[in-house]
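Good morning, and thank you for making time for this presentation. I would ask you to keep the structure in view while I speak.

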Amino acid sequence: MKNSIEKLFDLTGKVAIVTGGAMGIGKGIAKRLSEAGAKIMIVDIVEQKEAEATMSDIKSNGGEALYIQADLSDIKNLENIITQTVKEFGDLNILVNNAGIFSYCPVTELTEELWDKTINLNLKAVAFLSKLAVKKMIEKKHGGKIINISSIDSIKPTGNLSQYDSSKGGVRMLTKAFAKEVGKYGINVNDIAPGGVNTPGVTKIAGTNLSTEQQQAMKVQMEQFISMLPLQRIGQPEEIGNAALFLASDASNYMTGSTMVVDGGLLIM
Ligand SMILES: NC(=O)c1ccc[n+]([C@@H]2O[C@H](COP(=O)([O-])OP(=O)(O)OC[C@H]3O[C@@H](n4cnc5c(N)ncnc54)[C@H](O)[C@@H]3O)[C@@H](O)[C@H]2O)c1
């Protein structure tokens, strides 16, 4: 018999889609939701074998997970994600829009290609996948939870990321706009604004186009940056998973259109 706190966070019987779940924050979220009992559909652009680490982590823990390989930045691919999920797992209760890309680029170097690539994945796919998910949840008459991964850059720009910051500012407002319209169907829409989380994407961007000396300088800068963070460490993907678990669970039922900042205090540095 589960006690009342266990019941509050229990996702047994729920079906969750996690985009960008093959690695990084998406993997941390997929693992946490699965540990709470949800069946997980991972959607990512990488080959299935690259998503195996996430899948086997979930399965070895007694969870259920399936994989759809898709490029989310092409909205033609989105309908199939909802259809396949409902076909395989019989329902859809939770959508986590996590997949996102970030590339450093000064505004003077900004290209239409980088702008479109970033906006298409980080913002357009979030809007259209959410639209399809919401329609399915309304049809099923059981409400649901939409969780968008924005960024602290949606609140305060880091610099050299204008296309990314614009996309994430859009995600924050999209969250509120959707929340306002779909609350009447029992659907909660919130976003998590992470900052300073250790992921393959962050490691890659830190090392892009840098010489060995520059990489060494970057390492020193990173150590200085971490020591200045109020919590004096960077975050782990599972810690964003904890926030997602809260937003996916009944514990957050009276919360919608909100942003949860999970950044080790980066914004108050
Ligand atoms: N790591 C951080 O500190 C941090 C901070 C703020 C916000 N975020 C946000 O969190 C999310 C995850 O970031 P991360 O650091 O884990 O990144 P990551 O690069 O480590 O992982 C991103 C995942 O998205 C997938 N993906 C990329 N393009 C895709 C596409 N077109 N279609 C489908 N899947 C695609 C990748 O294959 C990968 O599995 C992003 O939206 C990012 O903007 C991260």
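Let me begin with a term: a residue is called buried when its relative accessible area is under 20%. What we have here is a predicted model, and I shall apply the term to strand 1 of that model. Strand 1 is mostly covered, with five of its five residues buried. The burial concerns both faces of the strand: Val15, Ile17 and Thr19 lie on one side, Ala16 and Val18 on the other, and all are buried.

From strand 1 the chain passes through helix 2 to strand 2, and this β-α-β crossover is right-handed. Strand 1 and strand 2 are then paired in the parallel sense, over five bridges. Within that pairing, Val15 has Lys39 of strand 2 as its bridge partner. Strand 1 also runs parallel to strand 4, to which three bridges join it. There, Ala16 stands opposite Ile94 of strand 4.

I turn now to the sheet as a whole. In what order do the strands of the open sheet follow one another? Seven strands form it, in the order 3-2-1-4-5-6-7, and their pairing is parallel. Strand 3, residues 65-69, and strand 7, residues 259-262, stand at the edges; each has a single partner strand, and therefore one side of each is left without a neighbour in the sheet. On average, and ignoring direction, neighbouring strands of this sheet are turned by 20 degrees against each other.

At the edge formed by strand 3, the partner is strand 2, residues 39-44; the two pair in the parallel sense over five bridges. An example from this pair is Ile42, whose bridge partner in strand 3 is Tyr67.

Helix 2, which we met in the crossover, comprises residues 24-35. Which strands does helix 2 lie across? They are strand 1, strand 2, strand 4, strand 5 and strand 6, and the helix runs at about 170 degrees to strand 1.

Next, the empty space in the model. Rolling a probe the size of a water molecule over the atoms shows where such space is left. How many cavities of 30 Å³ or more does the structure hold? It holds one. The largest cavity contains about 50 Å³ of space. Its lining consists of Thr19, Leu72, Asn97, Asn98, Ala99, Leu121, Ala125, Val126 and Leu129. Thr19 is one of the buried residues of strand 1 that I named earlier. Helix 5, residues 112-140, gives the most to this lining, with four residues.

There are pockets to consider as well. The second largest pocket has a volume of about 200 Å³. It is lined by 17 residues, and those closest to its centre are Lys14, Gly144, Lys145, Ala248 and Asp250. Helix 1, residues 4-8, and strand 5 are the elements that give two or more residues to the lining of this pocket.

Finally, I should like to visit several residues in the loops. Most residues other than glycine have a negative phi. Against that background, Lys141 deserves a remark: it is not a glycine, yet it has a positive phi of about 55 degrees. Lys141 lies in the loop between helix 5 and strand 5. Is Lys141 buried or exposed? Its relative accessibility is 75%, so Lys141 counts as exposed.

Gln232 also has a positive phi, near 55 degrees, in a residue other than glycine. Gln232 is found in the loop between helix 8 and helix 9. With a relative accessible area of 52%, Gln232 is exposed.

Arg233 has its place in the loop between helix 8, residues 212-228, and helix 9, residues 237-248. Its relative accessible area is 41%, so Arg233 is partly exposed. Which residues does Arg233 contact, leaving aside its neighbours within four places in sequence? They are Ile226 and Glu239. Val197 is 36 residues away from Arg233 along the chain, and the C-alpha atoms of these two residues are separated by 9.4 Å.

My last residue is Thr111, in the loop between strand 4 and helix 5. Thr111 is partly exposed, with a relative accessible area of 40%. Thr111 and Val171 are 60 residues apart along the chain, and 21 Å separates their C-alpha atoms.

Thank you for your attention.

Methods:
Residues numbered from 1 in each chain as written. Predicted model: local features only at pLDDT ≥ 70, side-chain atom pairs only at ≥ 80, totals over all residues. Heavy atoms only, no water. Pairing = 2+ DSSP bridges. Axes fitted to C-alpha atoms, helices over the stretch in contact; angles between N-to-C directions. Contact = heavy atoms within 4.5 Å. Buried < 20%, exposed > 50% of the residue type's maximum accessible area, 1.4 Å probe, protein only. Right-handed = clockwise from strand over helix to strand, strands pointing away. 1 Å grid on protein atoms, 1.4 Å probe; cavity = no way out; pocket = protein on both sides within 12 Å on 5 of 7 lines; lining within 4 Å. Points joined across faces, edges and corners; volume = space filled by probe spheres on them.
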